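Biologist: Could you take me through one part of this model closely, the way the strands sit side by side in the sheets, and then work outwards to what surrounds them?

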Amino acid sequence: MYIKSVIAGAIASLGVAAAALAADVKVGFVYVGPVGDYGWTYEHDQGRLAVEEHFGDRVETVYQELVPEGADSERVMTQMALQGADLIFTTSFGYMEPTINVAKKFPDVKFEHATGYMRADNVSTYSARFYEGRAIQGHIAGKMTKTNKVGYIGSFPIPEVVRGINSAFIHARKVNPDVEFNIVWIYTWFDPAKEADAATALIEQGCDVVLQHTDSTAPQAAAEKAGGVITFGQASDMAMFKPMPRVSSIIDDWAPYYIARTQAVLDGTWTSTDTWDGIGPGMVGIGEITSAVPADVKAEALAMKDAIASGDYHPFTGPINKQDGSVWLAAGETADDGTLLGMNFYVEGIKGDVPQ
Amino acid sequence: MFKLEKRPQQSQKWIYLSPFLAVLITMISGGILFAALGENPFEAIRIIFWDPLFDPNFASYSRPQLLVKAGPLILIAIGLSFGFKAGVWNIGAEGQYILGAIFGASVALAFYPMESKFIFPLMIIAGALGGFLWGLIPALLKAKLNTNEILVSLMLVYVAESILASVSQGLLKNPDGYGFPGSRNLQNYESAANVEIIANSGMHWGVLFAFITVIVSYIILTKHIQGFNIQLTGQAPRASKFAGVNPTANIVFCLGISGALAGLAGMFEVSGPSGQITIEFNSGYGFTAIIVAFLGRLHPIGIFLSGLLIALTYIGGELAQLMLGLPGASIQLFQGMLLFFLLATDLFANYKVKIGADN
């Protein structure tokens with residue numbers, strides 16, 4: 001056993017040395033879910049694979065999945081840095097403080113934290129304007145609901161999620177004044193059992209559209225089982241549920257960003273930045289709108305997509321009131337990024353409170 | 001062909017042998033699993049059990065982390081072992097851990113930004129109190145209404161998680177946090193920070209407390225009348241009544257002490273490694289500690305060792321994922337096997353295997 005472990009160790013260290021010689025840059029990824037969630041983490045991993053394909057032998061990637069947010073993630077990041085990673089992407093909001101802590105200990109390693117707001121000299125932040133995609137979802141949902149009840153599975157009541165709810169609601173109401181949103185909070189990003197329960201409960205309450213801000217395909221499966229309910233792929237295309245219940249999707253495309261940032265490290269031009277891209281630059285994609293959607297609705301949705309992409313239309317354009325009836329945006333006014341990033345209120349017409 | 005025959009008495013030899021056997025079988029089965037995943041099984045097992053301790057790259061970081069991870073497990077498991085010995089099943093340590101953290105953090109945040117050396121001791125008391133009170137609920141319900149403490153304590157975990165979500169977004173939310181949930185980071189608040197006693201050793205106040213608890217509980221269980229009462233209640237409930245053991249007091253003691261220790265663990269975690277109250281603050285220590293307690297044979301020294309072993313599988317498991325790209329689920333499966341094989345090998349403590357046909 002001892003001799004074997006020594007031999008194994010020798011082989012392993014040879015392997016590590018060989019890899020270190022081959023690759024110029026090592027890139028680490030920390031994932032909150034499993035790579036096979038077909039949602040959030042899956043798309044980040046697609047981004048990682050794109051980096052591998054683009055750079056070939058020049059770049060080596062490592063990843064760790066199912067990393068709990070909090071103290072455990074700090075250890076995972078530290079181990080990656082110790083292992084020689086030059087660039088580490090931490091892909092969940094809850095990794096924010098751990099990323100900052102570890103970054104302090106490894107000033108030569110570059111960190112990129114998704115969806116947070118804390119930066120440092122060696123910590124960038126990046127996120128996507130998912131709310132642009134939500135506007136298109138809301139439009140389709142408002143047009144297609146027959147019961148006028150739209151269910152929404154919320155993960156955590158953080159600004160990013162609240163922003164998505166508001167965007168979807170505004171655009172659903174615009175085309176259907178009778179539409180109501182039923183929102184449930186399940187306090188997890190990924191838990192197929194809880195997500196399925198939430199979807200089933202919403203469907204039983206009469207919702208015939210279920211929107212989700214969680215990462216698994218469980219709500220899609222629940223909708224398929226119930227029949228006559230439509231859903232949208234979240235974070236990933238979730239194409240296996242086409243053409244029904246999944247009628248379209250918001251696809252996060254991280255690959256161009258990951259490739260660009262890796263290139264920057266290779267070139268030695270990496271600096272700390274804050275990136276928030278949407279449909280225009282291609283960070284947010286809209287998956288195929290299926291035949292289950294009437295042609296005119298599809299055409300309108302695609303027109304909205306183009307308008308958002310070109311910058312002609314901002315999904316938060318006034319007049320919009322807050323839930324309490326006070327004016328948020330005057331007619332023609334668009335929301336500034338600061339307000340959007342800290343959004344912790346519902347717009348007028350949504351029932352219930354943002355959990356406080 | 002095989003026949004199981006009940007032993008008249010538990011085999012002491014097997015009680016102590018089975019954890020080692022379970023670890024060995026887990027290594028073998030885990031090795032087969034890793035081989036099936038296309039990895040060198042010896043390398044995988046080496047990375048899990050050896051590298052965190054001795055790898056030149058990682059060991060200087062992983063060894064202290066071992067203490068950080070084992071500290072709360074040991075602290076909670078020691079508390080649980082009292083109840084488990086007495087037949088009082090506290091399954092809700094996770095909830096008591098959360099409440100301890102909330103109580104402790106609340107004290108710190110109430111004083112923020114005042115600096116005083118009395119704040120940290122107050123937090124320790126508050127943390128223990130929080131867990132104690134949360135443990136008291138199933139205790140009193142059982143004593144007064146004869147409810148099942150397994151169900152009540154387990155259900156209270158979900159209540160505690162809801163309270164945690166609520167305070168993360170309301171009462172304890174960081175006013176400078178741009179509306180995001182989560183409290184201030186206590187690591188940045190000198191008077192409340194649970195710092196390492198010796199730099200880079202991993203030895204923070206919670207780990208020290210865990211070690212002290214191991215010693216104290218060893219003394220209680222071997223030398224103190226309360227230790228005798230606990231063991232007696234578990235082994236012979238009727239006899240213990242005749243011996244004058246008050247069953248209500250015993251239930252309250254067991255659930256109270258395990259609650260208080262779990263609460264302490266939560267307090268040390270929130271003021272140390274974790275630093276802040278967040279919605280996802282709890283990461284399962286309360287449940288894993290149940291495995292630690294049983295793997296350690298409900299004995300203080302055994303719990304100390306099994307706490308370190310389980311911590312090793314966590315940290316080594318993370319390394320194996322990182323180094324070999326093993327899927328996260330395979331590591332969870334590997335850890336699950338350990339409990340599974342322990343339960344299986346424990347069979348031999350109570351039963352003898354007879355080979356050959358006899359009627």
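Modeller: Let's start with A:Gly28, which sits opposite A:Ile88 of S3(A). That pair belongs to a parallel match between strand S1 (residues 25-30) of chain A and strand S3 (residues 87-90) of chain A, held over 4 bridges. Bear in mind that this is a predicted model.

Zoom out a little and S1 and S3 turn out to be part of an open sheet of 6 strands in chain A, with the order S2-S1-S3-S4-S5-S11 and parallel pairing. Strand S2 (59-64) and strand S11 (274-277) of chain A are the edge strands, each pairing on one side only. Going across this sheet, neighbouring strands are turned against each other by 15° on average, if you ignore direction.

Now for the helices lying on those strands. Helix H2 (residues 40-55) of chain A lies across S1 and S2 of chain A, and its run makes an angle of about 165° with S2(A). Further along, helix H4 (residues 96-105) of chain A lies across S3, strand S4 (110-114) and strand S5 (123-128) of chain A, at about 175° to S4(A).

Next, the domains. Chain A is split into domain 1 (2-128) and domain 2 (130-252 + 283-341). Their centres, taken over C-alpha atoms, are 31 Å apart. Where they touch, domain 1 of chain A gives 14 residues and domain 2 of chain A gives 16 residues. H2(A) turns up again here: 4 residues on domain 1's side come from H2(A), the largest share. By class, that side of domain 1 has 7 nonpolar, 5 polar and 2 charged residues.

There is another sheet to look at in chain A. This one is also open, with 6 strands in the order S7-S6-S8-S9-S10-S12, but the pairing is mixed. Its edge strands are strand S7 (180-185) and strand S12 (284-287) of chain A, each with a partner on one side only. From one strand to the next, the twist averages 20°. For a close-up at the S7 edge, take strand S6 (residues 149-154) of chain A, which runs parallel to S7(A) and is joined to S7(A) by 6 bridges. Within that pairing, A:Lys149 stands opposite A:Glu180 of S7(A).

Finally, the partner chain. On chain B, 34 residues are in contact with 34 residues of chain A. The elements giving two or more residues to chain B's side are helix H2 (41-49), helix H4 (59-86), helix H7 (149-169), helix H13 (300-324) and helix H14 (328-350) of chain B. H13(B) supplies the largest share, 4 residues. By class, chain B's side comes to 15 nonpolar, 14 polar and 5 charged residues.

H13(B) also packs within its own chain. Its axis and that of helix H8 (residues 205-223) of chain B come within 8 Å and cross at roughly 150°. Angles over 145 degrees count as roughly antiparallel, so that is how H8(B) and H13(B) are described relative to each other. From H8(B) the contact takes B:Val214, B:Ser217, B:Tyr218 and B:Leu221, and from H13(B) it takes B:Pro300, B:Ile301 and B:Phe304. Sorted by class, the residues of this contact are 6 nonpolar and 1 polar, with no charged ones.

Note on methods: Residues numbered from 1 in each chain as written. Chains lettered and ligands numbered in written order. Predicted model: local features only at pLDDT ≥ 70, side-chain atom pairs only at ≥ 80, totals over all residues. Contact = placed C-beta atoms within 7 Å. Nonpolar A, V, L, I, M, F, W, Y, C, P; charged D, E, K, R; others polar. Pairing = 2+ DSSP bridges. Axes fitted to C-alpha atoms, helices over the stretch in contact; angles between N-to-C directions. Domains from an automatic or database assignment. Parallel < 35°, antiparallel > 145°, perpendicular 65-115°, else oblique.
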